[in-house]
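Let's take a walk through this model together, starting with its strands and finishing at its ligand. Keep the structure open beside the text as you read.

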Amino acid sequence: MSVISGKKILLGVTAGIAAYKTAFLVRLFIKAGAQVKVVMTPAAKEFVTPLTLSTLSKNEVISSFTKEEDHSNQWNNHVELGLWADLMLIAPATANTLSKMAKGHSDNFLLATYLSSKCPVYFAPAMDLDMHRHPSTRENFDTLTSFGNIMIPATSGELASGLSGEGRMAEPDDILKFIEDHLAKSLPLRNKKVLITAGPTYEAIDPVRFIGNHSSGKMGFELAAAARALGAEVILISGPTHLQNPNEEIKLIRVQSAVDMFEAATKFFPEVDIAIASAAVSDYRPKLSATQKIKKSAETMMLELVKNPDILANLGETKKHQILVGFALETENEEENAAGKLQRKNLDFIVLNSLNDSGAGFKSETNKIKILFKDGKTKSFQLKSKTEVARDILNEIILLSNE
Ligand code: C5P
């Protein structure tokens, strides 16, 4: 999955011949999973039609301060649009627009939006070679870079003028790659390896029956997806679940029983930086698992159970540099029980979710958590989607790893 997946990209198109390439660029962004809105300078519409870009981006294209088409005298809101974006890209960026950006002009909608944006701004210059090497243009590149804007350098080659030299806009594929690489470098879990356990475990009674629980695995899968999106290398060890791997870059190991999960988790633990145990591991398993289906006979039946290994406690015993996080699902004396587990299992923090809270827990799409830290501090969170809860948990881990 691309790092730009889910990102809101604001593409600013200015009046250079390379504007025709922005149709491909929008396609690439959409294919990579981004949302795209396009703003254009009035003159850019001579080079590529707003209809093309609105069709490809699935959004209205804006090029003026007023909504011309519907004569409603409504304003297009450049401030709102500037704040909407996670990143802005000006491509092609002409010498004229770059100069105005450097000086703070806002005599068109694109420039006003640029000045209103708070997100990272990339620009891909496109102009003839003499314009490109003019000291004034060079100075504008430096000024914009000093503002924190990021230049996607022009390349050398044949130019629209017939001349050959530096000034061609980078190709759409290369622009996408440049932005992806740049974003990946700034991800907070880049270079970190994360191990996550998820789902229930099934403890075989015989070939067709098992002891299990209602865990869906959703929380663990959301954690894995969020950790990957934050740049981590992720190993997800999951018990039986219908969930698909959220990202093919996540190493997903499917297991059945607690013993299988224990073996996989202890194998990978020494090489990871962070481990999160969100699995609902069965505490006991049948002492013997029958090789054939058990036949119905007597009125009652005894099943002898033996204790499963506590995976998390074992990781806590062997932990060195790792940040270790556990979950506690409690029905009574919630905080006290969770605090006990935090100590016993040698965790950095424990995520408490209570079955007493409606919308929290096993099968729901939402969760309400409280985090207990080893120094005794606690933090409560609102009821949120499991996707958002995963982000909250990882944010706490990021804060700890920066300490
Ligand atoms: O002790 P309890 O099962 O309530 O602790 C919950 C935490 O311990 C969870 O993070 C769970 O994934 C982990 N755990 C484990 N192995 C077990 C039991 C629980 O990793 N056998």
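**From the strands to the ligand**

Start with strand β1 (residues 8–13) and strand β4 (residues 87–93), which pair in the parallel sense over 4 bridges. Before going further, a word on what you're looking at: this is a predicted model, where local features need pLDDT of at least 70 and side-chain atom pairs count only at pLDDT 80 or more, while totals for chains, interfaces and linings use all residues. Residues are numbered from 1 along each chain as its sequence is written, and side-chain values use heavy atoms, with hydrogens and water left out. Strands here are DSSP runs of E with at least two residues, and helices are runs of H or I with at least four, both numbered from the N terminus. Two strands pair if DSSP finds at least two bridges between them.

Back to β1 and β4: leucine 11 stands opposite leucine 89 in β4. Strand β4 also holds proline 92, and the peptide bond leading into this proline from alanine 91 is cis, with omega near -5°. Zoom out and you'll find an open sheet of 6 strands, paired in parallel and ordered β3-β2-β1-β4-β5-β6. Its edges are β3 (61–62) and β6 (150–151), each of which pairs on one side only.

Next come the hairpins. Strand β7 (residues 155–158) runs antiparallel to strand β8 (residues 164–168), with 4 bridges between them. Glycine 157 stands opposite glycine 165 in β8. There are 5 residues between the strands of this hairpin, and glycine 162 there takes a positive phi near 100°. Strands β10 (residues 203–206) and β11 (residues 209–211) are antiparallel too, joined by 3 bridges. Their hairpin connects through 2 residues, and aspartate 206 stands opposite arginine 209 in β11.

Now look at the loop between β12 (233–238) and β13 (251–254), where you'll find threonine 241. What does its side chain reach at 3.1 Å? It reaches the backbone oxygen of serine 216, a polar contact (a pair of N or O atoms within 3.5 Å; within protein, one must be able to donate a hydrogen and the other to accept it, and residues adjacent in sequence count only if both atoms are side-chain atoms). A polar atom of the threonine 241 side chain also lies 2.8 Å from the backbone nitrogen of leucine 243.

That leaves the ligand, whose surrounding residues (those with a heavy atom within 4 Å of it) include Ala277, Asp283, Phe327 and Lys345. By class, the shell divides into 7 nonpolar, 1 polar and 4 charged residues. Both α11 (311–318) and β17 (323–330) supply at least two residues of that shell.

Which contacts can you pick out? An oxygen atom of the ligand is 2.6 Å from a polar backbone atom of alanine 277. Alanine 279 has a backbone N or O atom 2.6 Å from a ligand oxygen, and lysine 341 brings a polar side-chain atom to 2.4 Å from an oxygen atom of the ligand. Taken alone the ligand exposes 450 Å², and the protein buries 86% of that (accessible areas by the Shrake-Rupley method with a 1.4 Å probe).

Two asparagines round off the tour. Asparagine 333, in the loop between β17 and α12 (334–344), has a positive phi of about 40° although it is not a glycine. Asparagine 346 sits in the loop between α12 and β18 (349–354), with its positive phi near 60°.

Note on methods:
Ala, Val, Leu, Ile, Met, Phe, Trp, Tyr, Cys and Pro count as nonpolar, Asp, Glu, Lys and Arg as charged, and the others, Gly among them, as polar.
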